[in-house]
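The following report describes a ligand shell, a pair of packed helices and two individual residues. Please read it alongside the sequence and the coordinates.

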Amino acid sequence: EKKVVLITGCSSGIGLSLAVRLASDSSKVFKVYATMRNLAKKERLLECVKDLHRDTLEILQMDVTDRQSILTARDKVVEKRVDILVCNAGVGLMGPLEVQSLDTMRRILEVNLLGTIQTIQVFLSGMKAQGQGRILVTGSTGGLHGLPFNEMYCASKFAIEGACESLAVLLQHFNIQVSLIECGPVNSDFLINLQKAELGDPSLQQVDGRTISLYEKYLQHCSMVFQNAAQDTEDIVEVFLDAIHSTSPAFRYFTNSVMPPLTQLKVTEPDGMEYIKTMSKIIFADEDQ
Ligand code: NAD
């Protein structure tokens with residue numbers, strides 16, 4: 001019997017690569033429901049799988065912020081069960097906190113946090129009834145330590161950690177394993193889809209000069225990090241496969257195989273100051289100290 005996998009956010013990036021990889025698996029053991037908010041963007045995915053995998057791949061519309069669309073997608077799963085749910089859809093938000101409107105802040109929580117949680121909610125009772133299941137969530141180092149100018153993004157990703165960890169404690173009693181795949185920078189459409197305050201934006205005129213100059217440094221740091229250290233989506237997919245193939249999957253997987261040194265600092269120096277100073281030094285090289 002095939003393993004039924006449903007993935008959110010498959011029009012690009014990690015979701016697309018994972019859908020392609022699982023649908024093309026030589027074992028043909030996976031039936032993949034690749035979901036995306038906007039079906040007009042399905043060409044890229046179709047291009048990647050060609051016509052080869054008609055029996056292992058199905059594309060469905062699903063906007064994780066729209067409960068009805070999640071329910072509709074669930075009802076289109078012909079097997080009437082999902083063995084592996086992958087909550088991957090997410091967006092970034094970058095800029096000085098002062099310029100973020102309440103709507104913008106709500107929106108990112110809506111997609112990243114509530115989108116993930118309500119997707120899990122919809123599939124949870126089915127998994128409990130089946131007596132087995134896997135829930136895989138694309139996590140972020142931004143969910144493990146704070147990043148300046150990413151307050152709301154980090155808030156949304158930290159919140160996912162809390163929700164997933166809480167669920168994991170309970171769900172082991174139902175033979176359902178929750179795993180977070182913690183990614184650092186990844187080459188995907190993330191930076192294109194990201195909502196970012198640009199230096200010339202009129203909205204930034206209300207922000208003090210000191211913040212702007214630090215933001216400028218942050219943006220340089222960010223593009224350097226993406227240039228030098230970003231992983232390819234295929235590397236991330238390998239980590240998903242590790243988790244999927246493991247008979248007793250861990251709660252957290254780090255895509256670089258170990259906990260990144262900066263995250264480690266939060267564990268070894270729990271008062272938090274070492275992390276804050278080190279991060280500031282790295283990003284701002286360090287202006288004031
Ligand atoms: P991406 O922008 O290529 O993919 C994100 C996908 O989510 C897109 O296809 C987008 O259309 C989809 N999406 C957005 N809103 C949606 C909604 N309401 N309903 C359904 N789908 C929606 O970027 P990616 O890097 O592949 O991102 C995947 C996940 O990885 C995200 O959760 C992101 O936060 C996380 N992540 C990315 C990075 C990175 O550097 N790229 C790092 C850490 C974590």
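The residues of the shell around the ligand divide into 10 nonpolar, 14 polar and 3 charged, where Ala, Val, Leu, Ile, Met, Phe, Trp, Tyr, Cys and Pro count as nonpolar, Asp, Glu, Lys and Arg as charged, and the others, Gly among them, as polar. The model is a predicted one, in which local features need pLDDT of at least 70 and side-chain atom pairs count only at pLDDT 80 or more, while totals for chains, interfaces and linings use all residues. Residue numbers start from 1 along each chain as its sequence is written.

In total, 27 residues surround the ligand, and the closest are Gly9, Gly13, Gly90, Asp189 and Phe190; a residue is near a molecule if its C-beta atom, placed from the backbone, lies within 6 Å of it. At least two residues of this shell come from each of helix H1 (13-23), helix H4 (102-130), strand E6 (133-140) and helix H6 (190-193), and H1 gives the most, with 3 residues. Helices (H or I, at least four residues) and strands (E, at least two) are DSSP runs, numbered from the N terminus.

Two residues, one in H1 and one in E6, are set side by side below. A residue is buried if 20 or more other C-beta atoms lie within 10 Å of its own, exposed if 12 or fewer, and partly exposed in between.

| Residue | Element | C-beta neighbours inside 10 Å | Class |
|---|---|---|---|
| Alanine 19 | helix H1 | 33 | buried |
| Serine 140 | strand E6 | 27 | buried |

Leaving aside neighbours within four places in sequence, alanine 19 is in contact with Ile7, Cys10, Val32, Ala34, Leu45 and Leu57, a contact meaning that the C-beta atoms of two residues, placed from the backbone, lie within 7 Å. The C-alpha atoms of alanine 19 and valine 49, which are 30 residues apart along the chain, are separated by 9.1 Å. Serine 140, with residues up to four places away in sequence not counted, touches Lys157, Glu182 and Cys183. An unreviewed UniProt entry covers Ser140 with the annotation "binding site", and such annotations may be inferred rather than shown by experiment.

Elsewhere in the chain, the axes of helix H9 (residues 261-268) and helix H10 (residues 273-284) come within 8 Å and cross at roughly 155 degrees, the axes being lines fitted to C-alpha atoms over the stretch in contact, with angles running from 0 to 180 degrees between N-to-C directions. H9 and H10 are therefore roughly antiparallel to each other, a term for angles over 145 degrees. Leu262, Leu265 and Lys266 of H9 make the contact with Glu274, Tyr275, Thr278 and Met279 of H10, and the residues of this contact divide into 4 nonpolar, 1 polar and 2 charged.

Methods. Parallel < 35°, antiparallel > 145°, perpendicular 65-115°, else oblique.
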